[in-house]
Amino acid sequence: MEATPPMTTTTEPKTKTPTPYAIPSFEGDFQHATDLEQIVYRLVDTKAVGLDWTVDFFWKRKGGQRSGKAIEGKCQKPSGLLKHYSDKDFIIWLAADHCRNAGYDARQIEALLFHELQHIGSDEDEDSGEVTPVLVGHDFEGFLTEVTEYGMWSHDVIAMGHAFQPHLPSLED
């Protein structure tokens with residue numbers, strides 16, 4: 001009689017793959033996005049995101065590219081004819097094609113919206129005190145090779161280094 005080998009079970013932790021966000025399919029170039037609006041309301045409630053201006057949210061069917069990189073979203077301040085037809089101070093759109101192709105989950109969509117919201121700012125006229133909506137540029141403009149070659153050489157790069165530091169994995173693990 002042969003001995004039956006003992007059963008072995010593995011108890012390796014299973015990593016849960018995030019479910020891709022349900023990005024709508026639609027005809028035309030843009031679709032109003034109440035789902036994105038709801039995410040933003042939650043961000044305003046939970047993440048110290050101030051929203052002092054009116055914003056409309058859209059999915060854009062195709063985001064396009066700039067300098068060979070996908071444009072995943074954009075915050076725009078309507079002017080001219082667009083301002084005539086819009087009663088909002090800003091318009092934020094996310095590129096449905098790029099977000100879908102990247103397999104973005106809900107947290108990544110939220111992060112992209114958070115990024116676009118950071119472009120919304122205010123400017124106060126020193127003389128009149130009038131406050132107007134303005135687009136805010138990025139905190140950091142640079143290249144990975146620049147940091148690789150020269151390290152933390154500028155105030156912007158140093159600030160980014162400090163922002164990244166708490167999120168880097170420990171090398172001792």
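The expected span of a helix is taken as 1.5 Å times one less than its number of residues. In the predicted model described here, helix H4, with 12 residues, reaches 16 Å from its first C-alpha to its last, close to the 16 Å expected at 1.5 Å a residue. Helix H1 can be examined in the same manner: for its 13 residues, 34-46, a span of 18 Å should result at 1.5 Å a residue, and the C-alpha atoms at its ends are 19 Å apart, which agrees.

These two helices belong to a protein whose secondary structure comprises six helices and eight strands, arranged from the N terminus on in the order β-α-β-β-β-β-α-β-α-α-β-β-α-α. Of its 173 residues, 28% count as buried, and the accessible surface of the protein amounts to about 13,300 Å², of which carbon and sulfur atoms contribute 53%. Among the contacts with a separation of 6 or more, 61% are accounted for by residues 24 or more positions apart.

In helix H1, the buried residues are Leu36, Glu37, Ile39, Val40 and Leu43. Viewed down the axis of H1, these buried residues fall within an arc of 160 degrees, so they line one face of the helix. Asp45 and Thr46, on the other side of H1, are exposed. The partners against which the buried residues of H1 pack are strand S1 (30-32), strand S2 (55-60), strand S6 (90-95) and helix H4 (106-117).

Helix H4 has buried residues of its own, namely Ile109, Glu110, Leu112, Leu113, Glu116 and Leu117. Seen down the axis of H4, they fall within an arc of 160 degrees, so the buried residues line one face of this helix. Their cover includes H1, S2, strand S5 (73-76), S6, helix H3 (96-102) and strand S7 (120-124).

Within helix H4, Ile109 can be considered in further detail. Because its relative accessibility is 0%, below the 20% under which a residue is classed as buried, Ile109 counts as buried. When residues up to four places away in sequence are not counted, Ile109 touches Tyr21, Leu36, Ile39, Trp59, Leu94, Cys99 and Tyr104. Two of these contacts, Leu36 and Ile39, are themselves among the buried residues of H1. Ile109 is also separated from Pro20 by 89 residues in sequence, while the C-alpha atoms of the two are 9.6 Å apart in space.

Two aromatic pairs are present in the structure. In one of them, the ring centres of Tyr21 and Trp59 lie 6.2 Å apart and the ring planes stand at 40 degrees, so the pair is tilted. This pair links distant parts of the chain, since Tyr21 is located in the segment before S1 and Trp59 in strand S2, 38 residues apart. Both Tyr21 and Trp59 are buried. In the pair formed by Phe30 and Phe58, the ring centres are 6.2 Å apart and the planes are at 80 degrees, so the arrangement is edge-to-face. Phe30 lies in strand S1 and Phe58 in strand S2, so this pair ties together parts that are 28 residues apart in sequence. Phe30 has a relative accessibility of 43% and therefore counts as partly exposed. A further arrangement that involves an aromatic ring is found at Trp93, where the charged end of Lys60 sits over the ring, 4.4 Å from its centre.

Two loop residues complete the description. Asp52 lies in the loop between H1 and S2 and is exposed, with a relative accessible area of 67%. The C-alpha atoms of Asp52 and Asp89 are separated by 9.8 Å, although the two residues are 37 residues apart along the chain. Ser67 is placed in the loop between strand S3 (65-66) and strand S4 (69-70), where it is exposed, with a relative accessible area of 76%. Most residues other than glycine have a negative phi. In Ser67, by contrast, phi is near 55 degrees, a positive value in a residue other than glycine.

Methods: Residues are numbered from 1 along each chain as its sequence is written. This is a predicted model: local features need pLDDT of at least 70, side-chain atom pairs count only at pLDDT 80 or more; totals for chains, interfaces and linings use all residues. Side-chain values use heavy atoms; hydrogens and water are left out. Helices (H or I, at least four residues) and strands (E, at least two) are DSSP runs, numbered from the N terminus. Buried means under 20% relative accessible area, exposed over 50%, partly exposed in between (1.4 Å probe, protein chains only). The arc is that of the directions from the helix axis to the C-beta atoms. Contact means heavy atoms within 4.5 Å. Accessible areas come from the Shrake-Rupley method with a 1.4 Å probe; for residues, only the protein chains shown count as cover. Rings of Phe, Tyr and Trp (its six-membered ring) pair if their centres lie within 6.5 Å; planes under 30 degrees apart count as stacked, over 60 as edge-to-face and the rest as tilted. A charge sits over a ring if NZ of Lys or CZ of Arg is within 6 Å of the ring centre and within 35 degrees of the ring normal.
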